[in-house]
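Thank you all for coming. I would like to walk you through one model this morning, and I will take it a piece at a time.

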Amino acid sequence: MRLAELSTRSGVSTATIKYYLREGLLPPGRQINTTTAEYDEEHLRRLRLVRAMIQVGRVPVATVREVLGHVDDDSLPRTIRLGAALWSLPQVPEPDEDDEYVQAAQQEVAALLDRLGWENAKQLATISPAYRSLVVSVAAFRRLGYGWGAELMAPYAELMHRTAVLDLDNMETHPSEEERIEFAILGAIINEPILQSLHRLAQEEETARRYGFGE
C-alpha cells in the first residue's frame, strides 16, 4: 500500500507517519522510486503498536524507540527481549535505601518472594523495576501506619501469578515471535489498566453485596 492508504487504514495522518519514519519508530517502506515507497501489513501493525504506546500509554517517543529496539532484536532469546522491552517502559524512581520504611518494605518483599518460591524475582531484585515499584508501594503503606507485609500480599501475589499464566497463554496464541513480543508490550500498556478497572468494578460489586446502599 502507499502512504495515503496506510494513513487511511491506520487512522494516523501522513504527517505523523512521516515523523515516525524519521524517528525510527516505523521501518522504511520499499522504495519504488525516489519519492514513493510501498508499505505492507507489518507496517500497519507496527504503526498501530506505536500509536497505542504513545496515545494510550503516554510513552515518550524516545522510550518507544528503545522498547521497539528490544522487540526487534531477534539475536536475544524471548525472555531477555521481553524483559528488556518491558523494563524500558516508564518506571518509578529508585527508593531511598536509607529510609527505614523502605528497608522494612524490602524485608517484607523478600519474605514474600521466599514464601512464593519466586526464585527469578529474587535473583533480579536489585535491577527489576517491578521489584522496585513494589518496594516503594509497600513502604508508602507502612509509612501511613498500615502493616502491609508478606502475609497480606501473598494471596494477591498468587492471583497475579494466575493472571500471568493467562497472559502468556494468550501471548502464545500469536503465530510469530514479533507478534508475541508486541502483544506482551501492549499487555503492559493496555491490559494493566483493564485489570485495574476490573479490580475496581469487583470492589464496587463486593461492597454493594456486603453493605448494600443504605436506607
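Let me begin with a definition, since I will keep naming helices: a helix here is a DSSP run of H or I with at least four residues, and the runs are numbered from the N terminus. Please also keep in mind throughout that this is a predicted model.

With that in hand, take helix H10, which spans residues 177-211 and holds both Glu205 and Arg209, four residues apart, or about one turn of the helix. The side chains of Glu205 and Arg209 meet in a salt bridge, with 3.2 Å from N to O. Glu205 counts as partly exposed at 42% relative accessibility, whereas Arg209, at 64%, counts as exposed.

Salt bridges that share partners also join Asp114, Glu119 and Lys122 into one network. Within that network, Asp114 forms a salt bridge with Lys122, and the closest N and O atoms of the two are 2.7 Å apart. Asp114 has a relative accessibility of 49% and counts as partly exposed, and Lys122, with a relative accessible area of 33%, is partly exposed as well.

The structure holds ten salt bridges, and there is one more of them that I would like to show you, between the side chains of Asp99 and Arg143, at 2.8 Å from N to O. This pair links distant parts of the chain, since Asp99 sits in the loop between H5 and helix H6 (100-116) while Arg143 belongs to helix H8 (residues 129-143), 44 residues apart. Is Asp99 buried or exposed? Its relative accessible area is 18%, and because the cut-off for buried is under 20%, Asp99 is counted as buried. Its partner Arg143, at 40% relative accessibility, counts as partly exposed.

Staying with arginines for a moment, let me return to helix H10, where we also find Arg180. Arg180 counts as buried, at 18% relative accessibility. If we leave aside its neighbours within four places in sequence, Arg180 is in contact with Arg78, Met171, Glu172, His174 and Pro175. The C-alpha atoms of Arg180 and Gly83 are separated by 13 Å, although the two residues are 97 residues apart along the chain.

Next, the packing of two helices. At what angle do helix H4, residues 61-71, and helix H5, residues 78-87, pack? The angle is about 175°, and the axes of the two helices are 8 Å apart. Angles over 145 degrees count as roughly antiparallel, and so H4 is roughly antiparallel to H5. From H4, the residues Val67, His70 and Val71 meet Arg81, Ala84 and Ala85 of H5. Sorted by class, this contact has four nonpolar residues, one polar and one charged.

Finally, the N-terminal part of the chain. An unreviewed UniProt entry carries the annotation "domain: HTH merR-type" for residues 1-70, and I mention it as something that comes from that record. In the model, the chain over residues 1-70 is 61% helix and 6% strand, with the end C-alpha atoms 27 Å apart. As for single residues, Lys18 has its place in helix H2, residues 14-22, and is partly exposed, with a relative accessible area of 43%. Lys18 and Leu3 are 15 residues apart in sequence, and their C-alpha atoms are 8.9 Å apart in space.

Methods:
Residues numbered from 1 in each chain as written. Predicted model: local features only at pLDDT ≥ 70, side-chain atom pairs only at ≥ 80, totals over all residues. Heavy atoms only, no water. Axes fitted to C-alpha atoms, helices over the stretch in contact; angles between N-to-C directions. Parallel < 35°, antiparallel > 145°, perpendicular 65-115°, else oblique. Contact = heavy atoms within 4.5 Å. Nonpolar A, V, L, I, M, F, W, Y, C, P; charged D, E, K, R; others polar. Salt bridge = Lys/Arg side-chain N within 4 Å of Asp/Glu carboxyl O. Buried < 20%, exposed > 50% of the residue type's maximum accessible area, 1.4 Å probe, protein only. UniProt positions renumbered as here; feature names shortened; annotations may be inferred.
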